[in-house]
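Here are some short exercises to work through with the model open beside you. Try each task before you read its solution.

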Amino acid sequence: MTAVAHSAVPRRQLPAVLAVLVVLGMAVSAWGAKDRTTWFLETVWVLVGLPLLVFTHRRFPLTDLLYCLLAFHALVLMVGGHYTYAQVPLGDWVRDAFGLDRNPYDRFGHLMQGFVPAVLVRELLSRTSPLRGSRWLAPLTVCACLAFSAVFEMLEWLAAVTGGHSADAFLATQGDVWDTQWDMFCALIGATVSVLVLSRVHDRQLDRLGVTSSYGGAGSTAG
């Protein structure tokens, strides 16, 4: 009983620890950001999402897996916002090391745009809809992530129309005329890999929250 109690404590504290780390990361990211407008546009999802998660934590707690992924995704956004995606030093190193023609951090960001939201969408659908345990859960999760990626590209288009050249750092196209298509394709890959790789772990954590699955096919561990 004592061992179980002790093991449960870190689990209960995890969201608070991650929230503090994200807040600290936001402060560091904002300090000396290359472009304040770009920083805001890239991190606005964190500025909106973090308070929402804090306010809903007691009424609708998420799985530890999802909390960790959301915190990591926030870090990716904060780094991109601080340097701008086309100028992230790690991306420059990867470009030079592998002889690429562009900084690939933007591509990584869009992979994460599919990878992390896939778990979020899967969790929301599993807990709030009849899709729990359905064969449609996996493909609809991927479709939802691809739809979100398309909406994000529309927001970038709107920024380009309204901001002109001042939005170049936010768009991070780096001269690629197919950048929009690449961004959505990367999100599609990220969402697909997430569903294939994380579904079993995610199902086990959903079970701990009292969410069970009756379907034993792809994207589920039941049966």
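**Exercise 1. Decide whether Asp 92 is buried, partly exposed or exposed.**

Step 1. Asp 92 has a relative accessible area of 22%. Step 2. Buried means under 20%, exposed over 50%, and partly exposed in between (1.4 Å probe, protein chains only). Step 3. Asp 92 is therefore partly exposed.

A word on the ground rules: this is a predicted model, where local features need pLDDT of at least 70 and side-chain atom pairs count only at pLDDT 80 or more, while totals for chains, interfaces and linings use all residues. Residues are numbered from 1 along each chain as its sequence is written, and side-chain values use heavy atoms, without hydrogens and water.

**Exercise 2. Find which side chain meets that of Asp 92 in a salt bridge, and place the pair.**

Step 1. A salt bridge needs a side-chain nitrogen of Lys or Arg within 4 Å of a carboxyl oxygen of Asp or Glu. Step 2. The side chain of Arg 95 fits, at 3.2 Å from N to O. Step 3. Both residues sit in helix H4 (residues 89-98), three residues apart, about one turn of the helix. Helices here are DSSP runs (H or I, at least four residues), numbered from the N terminus. Step 4. Arg 95, at 25% relative accessibility, counts as partly exposed. Step 5. Asp 96 joins Asp 92 and Arg 95 in a network of salt bridges.

**Exercise 3. Work out what the salt bridge of Arg 107 and Asp 183 ties together.**

Step 1. The side chains of Arg 107 and Asp 183 meet at 3.6 Å, N to O. Step 2. Arg 107 belongs to helix H5 and Asp 183 to helix H8, so the bridge ties together parts 76 residues apart in sequence. Step 3. Arg 107 counts as buried at 14% relative accessibility, and Asp 183 counts as buried at 0%.

**Exercise 4. Describe the salt bridge that Asp 203 forms with Arg 122.**

Step 1. The closest N and O atoms of Asp 203 and Arg 122 are 3.0 Å apart. Step 2. Asp 203 lies in helix H8 and Arg 122 in helix H5, 81 residues apart, and the pair links distant parts of the chain. Step 3. Asp 203 is buried at 5% relative accessibility, and Arg 122 is buried at 3%.

**Exercise 5. Test the length of helix H3 (residues 64-83).**

Step 1. The expected span is 1.5 Å times one less than the number of residues. Step 2. For the 20 residues of H3 that gives 28 Å. Step 3. The end C-alpha atoms are 29 Å apart, which agrees. Step 4. Thr 84 follows H3 and has a positive phi, near 75°.

Notes:
Helices (H or I, at least four residues) and strands (E, at least two) are DSSP runs, numbered from the N terminus.
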